[in-house]
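Here is a friendly walk through one protein model, taken a few residues at a time. Keep the viewer open and follow along as each residue comes up.

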Amino acid sequence: MSNIWHDINPSRISPEDFIAVIEIEKGSKNKYELDKETGHIILDRILYTSTHYPANYGLIPRTYADDGDPLDVLVLCSETIHPLSLVRCYPIGVMKMLDGGKLDEKIIAIPFEDPTYNGYTDIDQLPGHIFSEMRHFFSVYKNLENKETVVNDVSNAEEAKKIIQKCLDAYIERYCR
């Protein structure tokens, strides 16, 4: 059985050009996440709030983030992308937040093959409202569960690439030695 976290060819994942695995489509209230044992996605919960995911949301395979999960990615796209779809992307920024007191970085990425978005190369080029929606969503989406999240800041594409590399190295350290 294939595992979407571990079984993608490493040559397909680099800080500048990577495959993202979509877990949650834009507009959904379903919170799917990787089931680490099987490598499939599992419904974790339905969001308790009336908010919905502001972008397609998923993970970057063969990465290991500070929270013990694959690195999160928000894929900005003109269309919703179905869960378990693979999307070739490049990073334009990163949103840094705290979730339950733990660092939780979210790469903001663009599909190479979306002509509406693939002219953007850095987060500063996006219309301000796009990031405002993302910041708002991640600061309130767990409120009714009595869990706290804090969105700290956003950084540019270069910082996103450094974080991806850090998480690629952490994956190798954890799973390949």
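Lys-31 is a good place to begin: its relative accessibility is 8%, and because buried means under 20%, this lysine counts as buried. Bear in mind as you read that the model is predicted. Lys-31 sits in strand β3, which covers residues 30–35. Which side chain does Lys-31 meet in a polar contact? The partner is Glu-33, and the two side chains are joined at 3.2 Å. Setting aside residues up to four places away in sequence, Lys-31 also touches Ile-24, Ile-42, Leu-43, Asp-44, Arg-45, Leu-47, Tyr-53 and Tyr-57.

**A buried glutamate**

Glu-105 belongs to strand β8, residues 102–111. Its relative accessibility is 8%, so Glu-105 counts as buried. The side chain of Glu-105 makes a polar contact of 3.3 Å with the side chain of Lys-166. Beyond its neighbours within four places in sequence, Glu-105 is in contact with several residues, among them Asp-66, Leu-71, Asp-72 and Ile-163. Val-94, Met-95 and Lys-96 are also included in the contacts of Glu-105.

**Strands β5, β6 and β8**

Two of the residues just mentioned, Leu-71 and Asp-72, bring us to β6. Of the 5 residues in β6, 5 are buried, and the strand is mostly covered. Leu-71, Val-73 and Val-75 point one way from β6, while Asp-72 and Leu-74 point the other way. Buried or exposed, how do these side-chain bearers fare on either side of β6? All are buried.

How do the neighbouring strands pair with β6? With β5, the pairing is antiparallel and runs over 5 bridges. With β8, the pairing is parallel and runs over 4 bridges. You can find one residue pair for each: Ile-60 stands opposite Leu-71 in β6, and Val-75 has Ala-109 of β8 as its bridge partner.

Ile-60 itself lies in strand β5, residues 56–60. Its relative accessibility is 0%, so Ile-60 counts as buried. Not counting neighbours within four places in sequence, Ile-60 is in contact with Ile-13, Phe-18, Ile-19, Pro-70, Leu-71, Val-73, Ile-107 and Ile-164. Between the C-alpha atoms of Ile-60 and Arg-45 the separation is 21 Å, for two residues 15 apart along the chain.

**A proline in β7**

Pro-91 has its place in strand β7. With a relative accessibility of 3%, Pro-91 counts as buried. How far is the C-alpha atom of Pro-91 from that of Leu-74? The two are separated by 9.5 Å, although they are 17 residues apart along the chain. Leaving aside neighbours within four places in sequence, the contacts of Pro-91 include Pro-15, Glu-16, Phe-18, Ile-107, Ile-108, Ala-109 and Thr-121. Ala-157, Ala-160, Lys-161 and Ile-164 are also among the contacts of Pro-91.

**Two loop residues with positive phi**

Next come two loop residues that are not glycine and yet have a positive phi.

| Residue | Phi | Loop | Relative accessibility |
|---|---|---|---|
| Arg-62 | about 60° | between β5 and β6 | 15%, buried |
| Leu-84 | near 75° | between β6 and β7 | 41%, partly exposed |

Why does Arg-62 count as buried? Its relative accessible area is 15%, and buried means under 20%. Leu-84, at 41%, counts as partly exposed because that class lies between the 20% and 50% limits.

**Helix α1**

Finally, look at helix α1, residues 128–140. At 1.5 Å a residue, its 13 residues should span 18 Å, and the end C-alpha atoms are 19 Å apart, which agrees. Which residues of α1 are buried? They are Ile-130, Phe-131, Met-134, Phe-137 and Phe-138. Seen down the axis of α1, these buried residues fall within an arc of 125°, so they line one face of the helix. An α-helix has 3.6 residues a turn, so residues three or four places apart point the same way. The face of α1 turned away from the buried side carries the exposed residues Gly-128 and His-129.

Notes:
Residues numbered from 1 in each chain as written. Predicted model: local features only at pLDDT ≥ 70, side-chain atom pairs only at ≥ 80, totals over all residues. Heavy atoms only, no water. Buried < 20%, exposed > 50% of the residue type's maximum accessible area, 1.4 Å probe, protein only. Polar contact = N/O pair within 3.5 Å; in protein donor to acceptor, adjacent residues only side chain to side chain. Contact = heavy atoms within 4.5 Å. Pairing = 2+ DSSP bridges. Expected span 1.5 Å × (residues − 1). Arc of directions from axis to C-beta.
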